[in-house]
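Visitor: Hey, got a minute to go through a structure with me? I'd like to chat about it piece by piece.

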Number of protein chains: 2
Amino acid sequence: MKRLNLLDSAFLLAERRETPMHVGSVNLFTLPSGADEQTFLHQLADGLRSASDFQSPFGERLKTGRLGMLGPMYWERDDTLDIDYHIRHSALPQPGRYRELFALVSRLHGTLLDRNRPLWEMHLIEGLQKRQFAVYSKYHHAAIDGVRSIHLTQSMYSTSARERIHDSPLSVESAKRYRAALGEAPKKEELRNVAEFLKSTYDSGTNVYGALRRLALGWTGRGGDLALPWMGVPHSPINTHVDGARRFVAQSWPFDRVRAVGKALDGTFNDAVLAMSAGALRRYLQEMHGLPKKSLKAMVPVSLRRKGDIDSSNAVGAISADLATNVKDPIKRFESIQASTRAGKAMFEGMAPREVELAMQLMQMPGLFLIPLGLIDRYPPYNTVVSNVPGPRQPMYWNGARLEGIYPASIVSEGVALNITLISYDNNVDFGIVACRRTMPQVQRIIDYMEDALVELEEAVGLRKGKVRASASATKTAKSGAKSRARTRSTAKARPKTKAKSSTTGRSKAKKVSGAKASASTRAKSKTKSGAASKSRTKAKTSASTRSGSKAKSGAPTGSRAKAKSGARARN
Amino acid sequence: MKRLNLLDSAFLLAERRETPMHVGSVNLFTLPSGADEQTFLHQLADGLRSASDFQSPFGERLKTGRLGMLGPMYWERDDTLDIDYHIRHSALPQPGRYRELFALVSRLHGTLLDRNRPLWEMHLIEGLQKRQFAVYSKYHHAAIDGVRSIHLTQSMYSTSARERIHDSPLSVESAKRYRAALGEAPKKEELRNVAEFLKSTYDSGTNVYGALRRLALGWTGRGGDLALPWMGVPHSPINTHVDGARRFVAQSWPFDRVRAVGKALDGTFNDAVLAMSAGALRRYLQEMHGLPKKSLKAMVPVSLRRKGDIDSSNAVGAISADLATNVKDPIKRFESIQASTRAGKAMFEGMAPREVELAMQLMQMPGLFLIPLGLIDRYPPYNTVVSNVPGPRQPMYWNGARLEGIYPASIVSEGVALNITLISYDNNVDFGIVACRRTMPQVQRIIDYMEDALVELEEAVGLRKGKVRASASATKTAKSGAKSRARTRSTAKARPKTKAKSSTTGRSKAKKVSGAKASASTRAKSKTKSGAASKSRTKAKTSASTRSGSKAKSGAPTGSRAKAKSGARARN
């Protein structure tokens with residue numbers, strides 16, 4: 001039996017029907033040529049089921065002592081493991097587009113795991129167009145974290161299209177094989193060492209709530225020895241009570257395209273990702289008339305390497321990134337973001353281990369501590385999460401089926417209705433966005449607006465010829481409320497040419513601006529809901545079976561505007 | 001705003017992740033000839049969504065006051081109703097048999113409804129073989145009961161294959177139209193009047209727990225003025241802790257076949273249903289070596305009409321039926337069951353309204369009161385539920401799609417891992433069985449054994465020529481535990497001829513017995529799990545698309561042995 005540490009326990013303690021604390025991913029595959037979908041998927045499922053000894057967390061369930069959830073918790077081997085419960089076949093209704101996939105994943109991601117069993121589910125999903133299939137996996141965050149889940153992904157699949165895996169990818173043997181293959185490179189066991197060591201201070205006895213209270217005192221400035229750099233996070237429409245239903249959308253962008261923007265502005269890939277997210281959020285909130293005057297803050301998990309830590313090759317901490325959503329100019333916005341991430345990392349450099357520990361716990365999931373104490377409304381810890389998880393940079397295969405994308409689905413917590421997580425895989429970066437269904441009914445627009453924000457940056461730094469997009473100024477005119485969006489958009493379209501400030505940094509090669517492009521892009525969205533529904537139905541009728549109607553070359557939902565339109569809209 | 005009464009509140013108070021308190025049904029349809037499945041289902045969904053004003057409970061959500069769940073609760077109109085959340089498209093993985101349908105319904109039935117929204121979901125399920133589709137609906141029991149749900153079913157569909165419904169079946173208009181059509185016949189508003197009146201005594205103030213305590217005191221004999229006829233319910237393997245996962249199986253039998261058995265033995269249709277259930281449970285528990293020496297008791301809701309009740313045309317109470325599972329002879333077993341149901345009804349005849357009220361609440365869902373007080377282990381209130389809900393006795397249609405069957409999916413509660421509910425519809429009786437997945441991994445056998453029990457009765461009373469089945473005595477030899485079932489079955493098969501006692505009632509026309517038939521029926525089940533899985537896969541490969549491989553004439557899962565084998569086994 002392994003004892004759960006404080007943070008892992010906290011994910012269980014904080015879990016409610018409205019805020020399940022599991023993380024997941026949607027892995028998208030293309031069937032090997034000639035393979036029959038049903039046969040192939042059943043073979044995969046049988047392979048998964050075939051383990052005689054399941055590795056952690058697949059074969060372990062939660063065990064509590066006399067004090068129940070308030071006492072120490074353990075993982076124990078589940079000798080009555082009912083593997084058919086965990087490995088499931090699912091299917092999409094016709095016409096089997098990404099839209100139907102996202103609708104299903106939204107539902108699956110919104111239900112609680114059963115605590116009487118090992119805390120995971122894996123759904124093999126058939127019925128996608130273009131000979132694709134998907135695997136949605138769901139793990140309790142108490143059992144697994146982002147880094148661990150990427151290692152699992154890598155251990156389950158192969159870099160060779162020809163390799164066939166004979167023992168179950170969920171088996172202890174598979175885990176051993178993977179560890180042996182890793183060799184000198186990052187050792188799996190070491191990944192969480194720092195975290196484990198740092199947390200151990202608080203992980204003694206049964207006094208979990210005592211620890212929570214001490215953390216909260218620090219948070220609210222009473223008795224705390226932490227100078228937290230992001231006090232004063234603004235309220236925004238996405239920081240509200242969340243309910244139990246989710247929306248999931250996903251999209252891929254070429255990794256090089258995103259990195260090029262970061263490079264051009266002397267920043268990192270992660271800075272570019274944050275800038276895409278910031279641009280999208282600025283526009284989304286502007287359209288709702290909910291953009292706060294102060295900048296939004298994002299909780300951003302980062303990789304930390306500390307000198308003098310002998311046992312660790314890696315550790316994950318978190319910084320609070322200023323998204324500069326109150327800055328209109330895209331390049332200035334980028335620079336503000338960059339400055340804040342540099343400061344965040346610098347803060348960790350100078351902190352003592354105990355401070356890092358506290359900061360990490362507070363920043364990674366402050367809701368865990370603040371919600372039970374009723375503090376979340378007064379002290380929103382951050383506005384959203386933007387989490388960048390490094391994944392495998394070469395194509396992977398599962399018994400010959402090519403892995404086209406790894407779309408993460410993470411946690412929405414009370415007061416934070418949006419989570420943006422991304423995984424770099426092969427030549428792409430795969431975004432998975434999870435939102436509270438009620439708070440963000442139009443979350444698919446974030447995907448569109450991220451593309452807009454990227455284009456805006458590309459144009460601003462001269463990576464893309466063309467006009468600087470005027471989306472920010474166009475939407476600024478929208479004054480009639482979210483419900484009459486269609487009307488305000490035609491207003492935007494009718495406006496005379498708008499001038500965007502060119503960058504003052506000297507890096508910009510932006511040209512003069514017209515509002516035309518932004519208008520064209522928004523025009524397509526101004527259909528009424530019922531009109532859109534009946535249109536999709538008509539389309540569906542004519543392309544009911546698979547393979548017809550595929551517009552794109554790539555096997556993944558990519559960042560092109562046309563694809564975003566057809567693929568990224570889940571009416572779920 | 002409508003205030004919830006005590007019983008309705010209790011369903012909410014007693015709900016846990018492990019024991020969701022919703023009821024549901026699977027309605028099975030055949031597409032009208034020529035209709036395209038996708039187009040047709042989208043039209044149905046659009047029709048459902050089209051209401052401007054949704055009738056109760058579709059447009060109402062739960063509202064609590066300052067005391068939360070411990071104070072009074074109300075239904076209030078949900079002005080932010082998100083209808084796409086409630087009306088859902090789902091699909092079955094290939095080959096789309098009833099097995100895949102049951103697996104999906106098992107999962108859908110095992111998740112909690114979202115209390116932030118109106119407490120219902122409706123899934124339009126495509127991908128069934130033989131041009132069928134299914135609708136799985138799910139309502140919180142606090143919002144709807146069995147009688148109400150049948151009225152809803154009747155109001156949604158038509159007795160004419162030609163009729164097309166133009167306003168949403170979920171709309172207030174539809175409810176009005178239905179009530180008007182009912183005319184003098186049972187008025188919908190009146191259906192729960194007695195219950196409402198009787199319960200009102202306890203439904204004042206916020207003292208719900210006080211009422212619970214008084215009820216529990218009565219239950220345990222301290223301060224109670226109730227003589228409860230089923231004190232001393234035995235423990236059995238199905239009366240244990242349940243977890244959150246479910247198994248759902250369903251099957252239809254011809255109504256006349258079941259009624260004929262009841263008639264032949266001077267009993268009711270309901271007595272025959274109880275006898276089928278009793279025979280099946282006896283055998284199931286024998287095979288697990290878990291048949292208690294005392295008879296199992298079933299909670300059986302019954303229709304009550306009381307003279308002197310002016311406001312009521314109908315009221316539902318419950319009796320405790322002695323299933324006589326400790327009686328070997330099928331006719332004696334039937335007679336014991338019959339005697340206990342007669343006594344149960346007679347008890348109600350002589351009770352004062354207040355007593356009926358108490359008894360009703362205790363019998364309908366004693367777990368609601370006993371679980372929070374920690375009494376359920378010491379006083380199992382009954383071993384299972386067998387609930388007979390009268391449904392429409394003529395064929396119904398939904399915009400031309402024929403309703404083939406209405407399979408109820410009811411509640412499994414802590415300590416009662418099995419619920420058998422049935423609805424009489426058209427010429428059939430449609431059984432829906434819900435069980436705790438962990439406690440009853442082989443619940444599909446109950447379906448097979450019910451058919452066996454019915455055949456045994458038919459043979460015993462001379463309705464069927466043939467040999468009296470020796471299932472009871474054959475399985476009696478199984479002594480090596482549930483895990484080695486395959487082996488014990490071949491033992492049973494190899495046994496010499498067994499002699500079943502012929503009935504002592506004089507009604508029996510049973511002939512001498514051989515063990516051969518029972519052996520043949522069990523032989524087919526003695527495959528190992530992996531063998532069965534690979535076989536189904538091979539089959540699936542050759543009959544991947546719809547319409548091939550359909551053995552049966554009827555559109556519903558019927559009681560024939562061959563169909564039970566192919567259709568009723570959900571590996572979910």
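Visitor: Let's start with a detail. In which loop of chain A is Pro95(A) found?

Guide: Pro95(A) sits in the loop between strand S5 (87-91) and helix H4 (98-109) of chain A. Keep in mind that this is a predicted model.

Visitor: OK. Which peptide bond leading into Pro95(A) is cis?

Guide: That's the bond from Gln94(A) to Pro95(A), which is cis with omega near 0°. Most peptide bonds are trans. Over in chain B, the bond from Ser56(B) to Pro57(B) is cis too, with omega near 5°.

Visitor: And where does Pro57(B) lie?

Guide: Pro57(B) is in the loop between H2 and strand S3 (60-65) of chain B.

Visitor: While we're on backbone angles, what's the phi of Lys130(B)?

Guide: Phi of Lys130(B) is near 60°, a positive value in a residue that isn't glycine. Arg131(B) has a positive phi as well, near 55°, and Arg131(B) isn't glycine either. Most residues other than glycine have a negative phi.

Visitor: Where do I look for Arg131(B)?

Guide: Go to the loop between S6 and S7 of chain B for Arg131(B). Lys130(B) is in the loop between S6 and strand S7 (132-140) of chain B.

Visitor: Switching topic: what pLDDT does chain A average?

Guide: Chain A averages 74, and 63% of the residues score at least 70. Residues 184-230 of chain A are below 50, though that stretch has 96 contacts in the model beyond near neighbours in sequence. Residues 365-369 of chain A stay under 50 as well, and the model has 19 contacts for them beyond four places in sequence.

Visitor: How should I treat coordinates where pLDDT is low?

Guide: Where pLDDT is low, don't read the predicted coordinates in detail.

Visitor: Fair. What ipTM and pTM does the model score?

Guide: The ipTM is 0.73 and the pTM is 0.76.

Visitor: Now the interface. How many residues does each chain give to the contact?

Guide: Chain A gives 43 residues and chain B gives 43 residues. The area buried between chain B and chain A is about 3,800 Å², with carbon and sulfur atoms giving 39% of it.

Visitor: How many salt bridges cross between chain B and chain A?

Guide: The rule finds six salt bridges across that interface. Over all chains, a search of the whole structure finds 54.

Visitor: I'd like to click on a salt bridge. What does Arg247(A) pair with?

Guide: Arg247(A) forms a salt bridge with Asp82(B), and the closest N and O atoms are 3.9 Å apart. Arg247(A) lies in strand S8 (residues 246-254) of chain A and Asp82(B) in the loop between strand S4 (68-77) and H3 of chain B, so the pair joins two chains.

Visitor: And how many residue pairs are in polar contact between chain B and chain A?

Guide: The count is 22 residue pairs, with both residues at pLDDT 80 or more. On the side of chain B that touches chain A, the elements giving two or more residues include helix H3 (83-86), strand S5 (87-91) and helix H18 (529-542) of chain B. H2(B) gives the most to that side, with five residues.

Visitor: What's the mix by class on that side of chain B?

Guide: There are ten nonpolar, 13 polar and 20 charged residues on the side of chain B that touches chain A.

Visitor: Last topic, symmetry. What turn lays chain B on chain A?

Guide: A turn of 180° with a shift of 0.0 Å along the axis does it, at an RMSD of 0.0 Å. The two copies are therefore related as by a two-fold rotation axis.

Visitor: Which residue of chain B comes closest to the rotation axis?

Guide: Ala91(B), with its C-alpha at 2.6 Å.

Visitor: Why do the copies meet through the same surface?

Guide: Because 98% of the interface residues of chain B are also interface residues in chain A.

Note on methods
Residues are numbered from 1 along each chain as its sequence is written. Chains are lettered from A and ligands numbered from 1 in the order in which they are written. This is a predicted model: local features need pLDDT of at least 70, side-chain atom pairs count only at pLDDT 80 or more; totals for chains, interfaces and linings use all residues. Side-chain values use heavy atoms; hydrogens and water are left out. pLDDT is the predictor's confidence in each residue, from 0 to 100. Contact means heavy atoms within 4.5 Å. Buried area is the accessible area (1.4 Å probe) that two parts lose on being put together, summed over both. A salt bridge is a side-chain nitrogen of Lys or Arg within 4 Å of a carboxyl oxygen of Asp or Glu. A polar contact is a pair of N or O atoms within 3.5 Å; within protein, one must be able to donate a hydrogen and the other to accept it, and residues adjacent in sequence count only if both atoms are side-chain atoms. Helices (H or I, at least four residues) and strands (E, at least two) are DSSP runs, numbered from the N terminus. Ala, Val, Leu, Ile, Met, Phe, Trp, Tyr, Cys and Pro count as nonpolar, Asp, Glu, Lys and Arg as charged, and the others, Gly among them, as polar. Copies are superposed by least squares on the C-alpha atoms of residues with pLDDT of at least 70 in both.
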